[in-house]
Amino acid sequence: MQKLGKGIVDDMAVLVAAAGVIGALYPPAFAWAGHYVSWLLGLVMFGMGMTLSVEDFRRVFARPRYVAIGVFAQFLIMPLVAYALVRVFHLPPELAIGVILLGTCPGGTASNVISYLARGDVALSVSMTMTTTLLAPVVTPALTYLLAGAYIEVSFSSMMLSIAEMVLLPVLLGLLVHHYFEPVSRRIMPVMPVFSVLCIVTLVGCVVALSSTKLLTVGPLMAVLVVLHNAFGLALGYGLAKCFGMESRGARTVSIEVGMQNSGLAVSLALLYFNPAAAIPGAIFSVWHNISGSLFANFWVRRDEKKEKKEVVYE
């Protein structure tokens, strides 16, 4: 059973891609999930909350400068890159709002795993994810309204309330369960990563199922935009961190955190407030950022290994 669970988590990108194919070929397989979008995301966020502890909050206060740099980069780079891509490619409103919404979301939980694989600063990654997630109920709707107000009417208050319900509340509940019911938490924790992956897979399949007709015409363009969005996030995140004097481990962590968005939140908000087409960028991003993140981690590991070999030879 443990091998099956590990296989599901390790092959998340493959499962997400498979769900997309099934959703496109046979929409009824996932269309039913449209009624449970907020619940699915809430369960994912609850699982994330259970991985946090009071000690994680202490790390935020102990290293405010690094966390502040990362949060600043997160909510500056990705929204502005999204807005620039929308302008350059002259996207129609229903797709433009999806790209901008993706850019204004907080960092995704997968970034913590990728930071670990890339030999980054995992504590910093967790602190950044936690901080941007807690700020999301205010920052995400504010940035979306600011950047997308000209494309489509965005309700700041209703979106803020939804993010608080789908993200903030489940994360805090997960944290409380971890802190006050640790024996229960230990029993549930091994199952939560698998359950979170299955929820994300279902969300992506649902988006594709509800927008299968539109996806056939805009899919290739959206794939190009998602790859560019992610690549700019990784590159500019690293560059900005280095400009602030961060060392390699910290800079690569900021890069990963900036480049890997909470695409599940983007998908959920698009389906709740806009239309299925607006959720397409988030669905494609769910697949791509796991692939690019793995490649990025592999690059840093190989680079570190070469550096270590040179140092051994030098000695």
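Mentor: Start with Gln261, which is buried because its relative accessible area is 1%. Buried means under 20% relative accessible area, and exposed means over 50% (1.4 Å probe, protein chains only).

Trainee: What kind of model is this, and how are residues numbered?

Mentor: It is a predicted model, in which local features need pLDDT of at least 70, side-chain atom pairs count only at pLDDT 80 or more, and totals for chains, interfaces and linings use all residues. Residues are numbered from 1 along each chain as its sequence is written, and side-chain values use heavy atoms, with hydrogens and water left out.

Trainee: Where is Gln261 found?

Mentor: Gln261 sits in the loop between helix 14 (248-259) and helix 15 (263-273). Helices here are DSSP runs of H or I, at least four residues long, numbered from the N terminus.

Trainee: Which backbone oxygens lie by a polar atom of the Gln261 side chain?

Mentor: There are two to look at. The backbone oxygen of Gly103 is 3.2 Å from a polar atom of that side chain. For the backbone oxygen of Cys105, the distance is 2.9 Å. A polar contact is a pair of N or O atoms within 3.5 Å; within protein, one must be able to donate a hydrogen and the other to accept it, and residues adjacent in sequence count only if both atoms are side-chain atoms.

Trainee: What else does Gln261 touch?

Mentor: Contact means heavy atoms within 4.5 Å. Setting aside residues up to four places away in sequence, Gln261 touches residues including Gln74, Met78, Pro106, Phe285 and His289.

Trainee: Next to Gln261 in the numbering comes helix 15. How many of its residues are buried?

Mentor: Nine of its eleven residues are buried, so helix 15 is mostly covered. Among them are Ser263, Leu265, Val267 and Leu271. Asn262 caps the N-terminal end of this helix. A side-chain oxygen of Asn262 lies 3.1 Å from the backbone nitrogen of Leu265.

Trainee: How do I read a nonpolar core?

Mentor: In soluble globular proteins, nonpolar side chains tend to be buried together. A nonpolar core is a set of buried Ala, Val, Leu, Ile, Met, Phe, Trp, Tyr and Cys residues joined through side-chain atoms within 4.5 Å. In this structure, the largest one has 81 residues. Leu91, Met222, Val254 and Leu265 have the most contacts inside it. Helix 6 (residues 64-88) gives the largest share of this core, twelve residues. Apart from it lies another core, of nine residues, including Ile114 and Phe296.

Trainee: Which residues does Val254 touch?

Mentor: Leave out residues up to four places away in sequence. Val254 then touches Gly70, Ala73, Leu124, Met128, Gly237, Ala241 and Met246.

Trainee: How do I find empty space inside a protein?

Mentor: Rolling a probe the size of a water molecule over the atoms shows where empty space is left. A cavity is a set of points on a 1 Å grid over the protein atoms alone, where a 1.4 Å probe fits but cannot get out; lining residues have an atom within 4 Å of a point. Its volume is the space filled by probe spheres set on the points, which are joined across faces, edges and corners. This structure holds one cavity of 30 Å³ or more. The largest cavity contains about 40 Å³ of space.

Trainee: Which residues line the largest cavity?

Mentor: Leu85, Val99, Leu102, Leu225, Val226, His229 and Pro281 do. Helix 7 (93-104) and helix 13 each give two or more residues to the lining. Helix 13 supplies the largest share, three residues. By type, the lining has six nonpolar residues, one polar and no charged. For that count, Ala, Val, Leu, Ile, Met, Phe, Trp, Tyr, Cys and Pro are nonpolar, Asp, Glu, Lys and Arg are charged, and the others, Gly among them, are polar.

Trainee: Is Asn230 of helix 13 buried or exposed?

Mentor: Asn230 counts as buried because its relative accessibility is 1%. Its helix, helix 13, spans residues 212-243. The side chain of Asn230 makes a polar contact with the side chain of Trp288, at 3.1 Å. Beyond neighbours within four places in sequence, the contacts of Asn230 include Gly259 and Ser292.

Trainee: And Gly98 of helix 7: which residues is it in contact with?

Mentor: Gly98 is in contact with Ala278 and Pro281, leaving aside neighbours within four places in sequence. Gly98 counts as buried because its relative accessibility is 3%.

Trainee: How do I read a phi angle?

Mentor: Most residues other than glycine have a negative phi. His90 is not a glycine, yet its phi is positive, about 50°. His90 lies in the loop between helix 6 and helix 7. His90 counts as exposed because its relative accessibility is 68%.

Conventions: 1 Å grid on protein atoms, 1.4 Å probe; cavity = no way out; pocket = protein on both sides within 12 Å on 5 of 7 lines; lining within 4 Å.
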